[in-house]
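Student: I've got a protein open on my screen and no idea where to begin. Can we go through it bit by bit?

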Amino acid sequence: MNDMEKPRLYKIIITKDDSEGFYVAEVPTLSPCITYGETLEEAIEMVKEAIEGIIESRSENGYPIPDDNAILQQQKTKIETIIPIERNTSHFHSVAV
């Protein structure tokens, strides 16, 4: 299995901005990867698109593509949500913990 086939895991931090009423989604490992949505579902869809775009851009430009695989696999924290992200034939996964 080459790097393009390896699933990638990302910790996503989603917070609600109570003053504005929208959800902010951030992927610290792919900083600056931050987006938002009016609903939680929209924020998740937006962050999936942002992750895809960053991975595609880094790949095209020869930059390393970091992930949170090692950290998340070692953590004792319960994984609450796994969000599949498919890009071409590669499968990337996004994780919110």
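Student: Let's start with threonine 35. Leaving out residues up to four places away in sequence, which residues does threonine 35 touch?

Tutor: Sure, and keep in mind that this is a predicted model. Threonine 35 is found in strand E3. Skip the residues up to four places away in sequence, and the ones threonine 35 touches are Tyr23, Val24, Ala25, Ala43, Met46 and Val47.

Student: Does threonine 35 count as buried or exposed?

Tutor: The cut-off for buried is under 20% relative accessible area. Threonine 35 has 13% relative accessibility, so the label is buried.

Student: Which residues of E3 point to one face and are buried?

Tutor: Side chains alternate along E3, which covers residues 34-37. Ile34 and Tyr36 point to the other face and are not buried. The buried pair is Thr35 and Gly37.

Student: Which residue stands opposite glycine 37?

Tutor: Look across to strand E2, residues 22-26, which is joined to E3 by four bridges. The two strands run antiparallel. Opposite glycine 37 stands tyrosine 23.

Student: And what is the bridge partner of tyrosine 23 on the E1 side?

Tutor: Strand E1 spans residues 13-17, and five bridges join E1 to E2 in an antiparallel arrangement. The partner of tyrosine 23 there is lysine 16.

Student: In the hairpin of E1 and E2, which residue takes a positive phi?

Tutor: Four residues sit between the strands of that hairpin. The phi in question is near 80 degrees, and the residue is glycine 21.

Student: OK, zooming out: in what order do the elements run from the N terminus?

Tutor: There are two helices and five strands to place. Starting at the N terminus, the order is β-β-β-α-α-β-β.

Student: Which element gives the most to the largest nonpolar core?

Tutor: That core has 12 residues, including Tyr10, Ala25, Leu30, Val47 and Ile65. Five of the core residues come from a single element, residues 40-60, and that is helix H1.

Student: Which residues of H1 are buried?

Tutor: You might expect just nonpolar names, but look for a lysine and a glutamate too. The buried set is Ala43, Ile44, Val47, Lys48, Ile51, Glu52, Ile54 and Ile55.

Student: How far does H1 reach from its first C-alpha to its last?

Tutor: H1 has 21 residues, and we expect 1.5 Å a residue. That gives an expected 30 Å, and the model is close to it, with a reach of 30 Å.

Student: Back to the core: which residues is leucine 30 in contact with, beyond its neighbours within four places in sequence?

Tutor: Leucine 30 is one of the core residues, as are three of the residues it touches, so check the core list for Tyr10, Ile51 and Ile54. Put those together with a proline and you have the full answer: Tyr10, Ile51, Ile54 and Pro66.

Student: Last one: which side chain makes a polar contact of 3.3 Å with the side chain of aspartate 67?

Tutor: Find aspartate 67 in the loop between H1 and helix H2 (69-74). A polar atom of its side chain also lies 3.1 Å from the backbone nitrogen of asparagine 69. The side-chain partner at 3.3 Å, though, is arginine 8.

Methods:
Residues numbered from 1 in each chain as written. Predicted model: local features only at pLDDT ≥ 70, side-chain atom pairs only at ≥ 80, totals over all residues. Heavy atoms only, no water. Core = buried A, V, L, I, M, F, W, Y, C linked by side-chain atoms within 4.5 Å. Buried < 20%, exposed > 50% of the residue type's maximum accessible area, 1.4 Å probe, protein only. Contact = heavy atoms within 4.5 Å. Pairing = 2+ DSSP bridges. Polar contact = N/O pair within 3.5 Å; in protein donor to acceptor, adjacent residues only side chain to side chain. Expected span 1.5 Å × (residues − 1).
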